[in-house]
Amino acid sequence: MKVNEEEAETVRTLYDLYERLRTVRAVRDEAERLELRSRRRETSNGTVTGGNLFSRGHVYHILTNPLYAGRIRHRDEVHEGQHPALIDPDRWDRIQQKLQECAARQRGRVAAKRRSPLCGKLFDETGDRLTPSHAKTSNGTRHRYYISHRMAARSGEKHPGAWRLPAEELETRIAGLVGATLSRPGFVASLLASGAADVIAQASAAISNLTAEASVQDLLAFVELIDIAPGILTLGLSAGLIAEQLAIEPNVIDADRLASSHPFQRRKRGVETKIVLAGAPAGRDDTLIRNIARAHVWFESIKAGQTFEQIAGSAGTSKRRIQDMIGLAFLAPDIVRDVLDGKQPVGFTSDWSKSHELPSDWSDQRALLATL
């Protein structure tokens, strides 16, 4: 193996930065300030890859790659290699220990990991990690969330920029992104730009078979890091797991291709924030579905001769709420079907319905909701 001294110096610098700064994010930020860039490759057909600023996922991959310590990884085992080490093996081992110590709190208990598969992988724009949390309703229903850690660490203070994301919904959306990324035409070829055609074909078939039957949990296992900032979500996939699934060495993967950015809109719903990815439907809104069902029940009571006051008394709610929501009983059947399928417009929510009057004509309803 021939060492490219310019690239080797970049790798050594990243290791030096980690020993000084102690966090992967800080290394990424300093590497960006120094304008360090990943290896630039040009294929025989003129396609150029790499040459980019380092993402956090790429920095982590370099810091944990035994190749730089003169070793090779095969599946779950690391063996001594026959190539020179860029990083002293003892030093590399010490750095792995530090990385593991920093991740220990994020890994937490085994049960917690199983319940919150994105634990330790989510960070907001301030560098604060998003940690699992939960809340119980008055009837004992437990709802999981991912919240900016400062909200839990300093619960008595206000945190205007903090995040509170519904866990199950977020996990489903991230799993969808992972599946779409892995199965995107040409994705495997871009990872293995220097690979032979038969290797790429075999790897593409392996990924296709994997994503066809993968569960949400299976897909989330491919996530290495997620950065969330207002309007943009950056997803980093694990080179190690992809290499394992494809039965190849991680160092042949173009790590720049493992990071992707996805714009989204933020929708507030009570105290939590809902992420709506560009081009994706709003998703199933159980609150809206329940309110539509209640509106139908209330309308049947009105037809039976009850007043708003009587209905409010028996339903344990306010007259104003019934007046705000009763219009949902007159939705066009196709709109109701879209809500049940989670395909309603992003802005069509229970909160919107409280302050907007729906037209009675179904065509007018469709035209109005299409603007949301």
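**Close-up 1. Strand β9 and its partners, β5 and β10, in the predicted model.** Strand β5, which covers residues 122-124, is joined to β9 by 3 bridges, and the two strands run parallel. Within this pairing, Phe123 stands opposite Asp227 of β9. Strand β9 itself spans residues 223-229, and because 6 of its 7 residues are buried, the strand is largely enclosed by the rest of the structure. Strand β10, made up of residues 232-237, is linked to β9 by 6 bridges, and here the two strands run antiparallel. In this second pairing, Ile228 is found opposite Leu233 of β10. The strands β9 and β10 form a hairpin with 2 residues between them, and in the turn Gly231 has a positive phi of about 85 degrees.

**Close-up 2. The surroundings of Ile232 in strand β10.** With a relative accessibility of 30%, Ile232 counts as partly exposed. Apart from its neighbours within four places in sequence, Ile232 is in contact with Asp227, Ser261, His262, Pro263 and Phe264; Asp227 is also the residue that stands opposite Phe123 in the pairing of β5 with β9. Although Ile232 and Ile275 are 43 residues apart in sequence, their C-alpha atoms are 9.9 Å apart in space.

**Close-up 3. The open sheet of β6, β7 and β8.** The 3 strands are arranged in the order β6-β7-β8, and their pairing is antiparallel. Because β6 (130-136) and β8 (164-166) stand at the edges and each has a single partner strand, one side of each is left without a neighbour in the sheet. On average, neighbouring strands of this sheet are turned by 35 degrees against each other, with direction ignored. Strands of a sheet pair through backbone hydrogen bonds, which may be either parallel or antiparallel in arrangement. Between β6 and β7, the latter comprising residues 142-148, the antiparallel pairing extends over 7 bridges, and one of the residues involved is Leu130, whose bridge partner in β7 is Ser148. Helix α7, formed by residues 167-182, lies across β7 and β8 and runs at about 70 degrees to β7.

**Close-up 4. The crossing of helices α2 and α3.** The axes of α2 (residues 24-33) and α3 (residues 56-63) come within 9 Å of each other and cross at roughly 110 degrees, and the two helices are therefore roughly perpendicular. The crossing of α2 and α3 is right-handed. At the contact, Val24, Arg25, Val27 and Arg28 of α2 meet Arg56, Val59, Tyr60 and Leu63 of α3. Sorted by class, this contact of α2 with α3 has 5 nonpolar, no polar and 3 charged residues. The buried residues of α2 are Val24, Arg25, Val27, Arg28, Glu30 and Ala31. After α2 comes Glu35, which has a positive phi near 60 degrees.

**Close-up 5. The surroundings of Tyr18 in helix α1.** Helix α1 covers residues 5-21 and includes Tyr18, a residue that counts as buried at a relative accessibility of 1%. Which residues does Tyr18 touch, not counting residues up to four places away in sequence? They are Thr23, Val24, Val27, Leu63, Ile95, Lys98, Leu99 and Cys102. Among these contacts of Tyr18 are Val24, Val27 and Leu63, which also take part in the meeting of α2 with α3. Tyr18 and Val59 lie 41 residues apart in sequence, while the distance between their C-alpha atoms is 9.6 Å.

**Close-up 6. The surroundings of Thr64 in the loop between α3 and β3.** Thr64 is placed in the loop that connects α3 with β3 (71-74), and with a relative accessible area of 16% Thr64 is buried. Leaving aside neighbours within four places in sequence, the residues in contact with Thr64 are Tyr15, Arg73, Trp92, Gln96 and Leu99. Leu99, one of these contacts of Thr64, is also touched by Tyr18.

How values were computed: Residues numbered from 1 in each chain as written. Predicted model: local features only at pLDDT ≥ 70, side-chain atom pairs only at ≥ 80, totals over all residues. Heavy atoms only, no water. Pairing = 2+ DSSP bridges. Helix = DSSP H or I, 4+ residues; strand = E, 2+ residues; numbered from the N terminus. Axes fitted to C-alpha atoms, helices over the stretch in contact; angles between N-to-C directions. Contact = heavy atoms within 4.5 Å. Buried < 20%, exposed > 50% of the residue type's maximum accessible area, 1.4 Å probe, protein only. Parallel < 35°, antiparallel > 145°, perpendicular 65-115°, else oblique. Left-handed = near helix turned anticlockwise from the far one by under 90°. Nonpolar A, V, L, I, M, F, W, Y, C, P; charged D, E, K, R; others polar.
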